[in-house]
Amino acid sequence: MSEVTNTTKDPFYFILMGIPGFEASHIWISIPFCCLYTISIMGNIAILTVIRTEPSLHQPMYLFLSMLALTDLGLTLTTLPTVMPLLWFDIRKISFEICFAQFFFLHGFSVMESSVLLAMSFDRYVAICRPLHYVTILTSQVIGRIGLAIICRCVLAVLPSLFLLKRLPFCRSRLLSHSYCLHQDMIRLVCGDIRFNSWYGFALVLLIIVMDPLLIMLSYAMILKSVLGVASMVERLRALNNCLSHILAVLVLYVPMVGLSMTHRFAKHASPLVHITMANIYLLAPPVMNPIIYSVKTKQIRQGIIHLLSQRNVHLR
């Protein structure tokens with residue numbers, strides 16, 4: 001099979017895939033996708049606006065929540081430019097450079113989501129196990145350093161895989177199996193030796209999908225140990241209720257992430273519809289569900305959004 005790379009004279013591009021077998025219904029399928037993207041964008045912007053405008057929410061917990069909302073917003077805006085034009089106008093071609101840019105931001109924001117949830121688990125540990133030292137441990141400077149460390153971690157995790165993939169020759173078959181550029185999808189089109197890429201990808205899976213949840217579980221084990229030492233059942237329930245939003249956000253991210261990884265590794269010959277459905281759930285579930293979870297379960301956020309909407313109604317009148 002002939003090879004082609006981005007160094008050839010002819011412009012190299014990939015071809016995105018919509019929903020296989022439902023091409024004639026893409027315009028109808030776009031309606032739920034459009035609703036999900038709208039909920040994600042409006043919900044995360046609302047949370048960011050509430051946290052920014054309410055001085056009482058300028059606390060470590062809500063600063064981490066704003067990081068999560070920014071990450072979800074970035075993840076949404078990374079896939080939207082290719083998914084919606086494909087469903088609406090059947091625009092399938094994506095250039096080599098744009099595909100790799102989307103690859104970088106897509107996987108970068110995914111790693112960032114996991115990293116922010118890990119940082120939030122540390123925040124919950126300090127708040128419950130060391131409440132008297134909460135403000136002195138999680139100062140603005142410390143939170144800023146944690147945010148910077150998260151960004152560095154994402155860049156250092158994704159950049160090597162991008163450069164490793166970009167140096168390899170691609171075959172004439174340019175058809176991707178998703179409506180965006182995923183590493184697992186793009187590497188199938190490579191004609192060269194991908195063993196090093198595969199091992200690096202495996203190491204990254206261990207670092208993110210395995211290590212992050214283990215550290216989160218460790219923090220919750222320590223929280224549970226501390227909570228069980230409290231005499232009052234009411235105080236135990238109150239402490240656990242403070243963690244419920246974060247636990248749900250963790251499940252919303254890692255369950256689809258593990259499902260997608262298992263599908264790509266152990267169900268390679270499954271129907272393309274299975275792979276596409278798993279990928280869409282993985283990329284859309286966290287940005288859509290997180291604003292809903294935190295709006296419903298966090299009283300301060302819920303009241304802030306209601307206040308924001310009531311102010312808007314007053315201005316419209």
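## The disulfide

A search of the whole structure, which is a predicted model, turns up one disulfide. The bond joins Cys 99 to Cys 181, with an S to S distance of 1.9 Å. Have a look at how far along the chain this link reaches: Cys 99 sits in helix H3 (residues 96–129), while Cys 181 belongs to the loop between strand S4 (170–171) and helix H6 (183–186), so the pair ties together distant parts of the chain, 82 residues apart.

The torsion about the S-S bond of Cys 99 and Cys 181 is about -120°, so this disulfide is left-handed. Both partners, Cys 99 and Cys 181, are buried.

## Two cysteines without a bond

What keeps Cys 35 from forming a bond with Cys 34? Distance is the reason: the Cys 34 sulfur is the closest cysteine sulfur to that of Cys 35, yet at 6.0 Å it is too far for a bond, because a disulfide needs the two sulfur atoms within 2.5 Å. Cys 35 is partly exposed, with 43% relative accessible area.

Cys 129 gives a similar story. Its sulfur has the one in Cys 243 as the closest cysteine sulfur, and the 8.7 Å between them is too far for a bond. Cys 129 is also partly exposed, at a relative accessible area of 22%.

## Salt bridges

Side chains of opposite charge can pair when their charged atoms come close. How many salt bridges does the structure hold? There are five, and three of them are described here, beginning with Asp 123 and Arg 124, whose side chains meet at 2.9 Å, N to O. Asp 123 counts as buried, with a relative accessibility of 2%, and Arg 124 counts as buried too, at 8%.

Another salt bridge pairs Arg 188 with Asp 185, where the closest N and O atoms are 2.7 Å apart. Asp 185 is buried, and its relative accessible area is 0%. A further one links Asp 193 and Arg 195, with 2.8 Å between the closest N and O atoms. Are these two partners buried or exposed? Asp 193 is partly exposed at 42% relative accessibility, whereas Arg 195 is exposed, with a relative accessible area of 61%.

## Cavities

Turning to the inside of the model, the search of the whole structure finds three cavities of 30 Å³ or more. The largest cavity has a volume of about 60 Å³.

Which residues line the largest cavity? They are Met 61, Met 120, Asp 123, Arg 124, Asn 242, Ser 245, His 246 and Tyr 294. You will recognise two names in that lining: Asp 123 and Arg 124 are also the partners in the salt bridge of 2.9 Å. Among the elements, H3 and helix H8 (233–266) each supply at least two residues of the lining.

## A nonpolar surface patch

On the surface, a nonpolar patch is formed by Ile 27, Trp 28, Ile 31, Trp 88, Phe 89 and Ile 91, which together have about 690 Å² of accessible area. Helix H1 (26–53) and helix H2 (60–89) are the elements that give two or more residues to the patch. H1 gives the most, with three residues.

Trp 88, one of the patch members, lies in helix H2. With a relative accessible area of 40%, Trp 88 is partly exposed.

Notes. Residues numbered from 1 in each chain as written. Predicted model: local features only at pLDDT ≥ 70, side-chain atom pairs only at ≥ 80, totals over all residues. Heavy atoms only, no water. Patch = residues over 30% accessible without salt bridge, like charges linked within 9 Å, V, L, I, M, F, W, Y side chains within 5 Å. Areas by Shrake-Rupley, 256 points an atom, 1.4 Å probe, with all protein chains shown as cover. Salt bridge = Lys/Arg side-chain N within 4 Å of Asp/Glu carboxyl O. Helix = DSSP H or I, 4+ residues; strand = E, 2+ residues; numbered from the N terminus. Buried < 20%, exposed > 50% of the residue type's maximum accessible area, 1.4 Å probe, protein only. 1 Å grid on protein atoms, 1.4 Å probe; cavity = no way out; pocket = protein on both sides within 12 Å on 5 of 7 lines; lining within 4 Å. Points joined across faces, edges and corners; volume = space filled by probe spheres on them.
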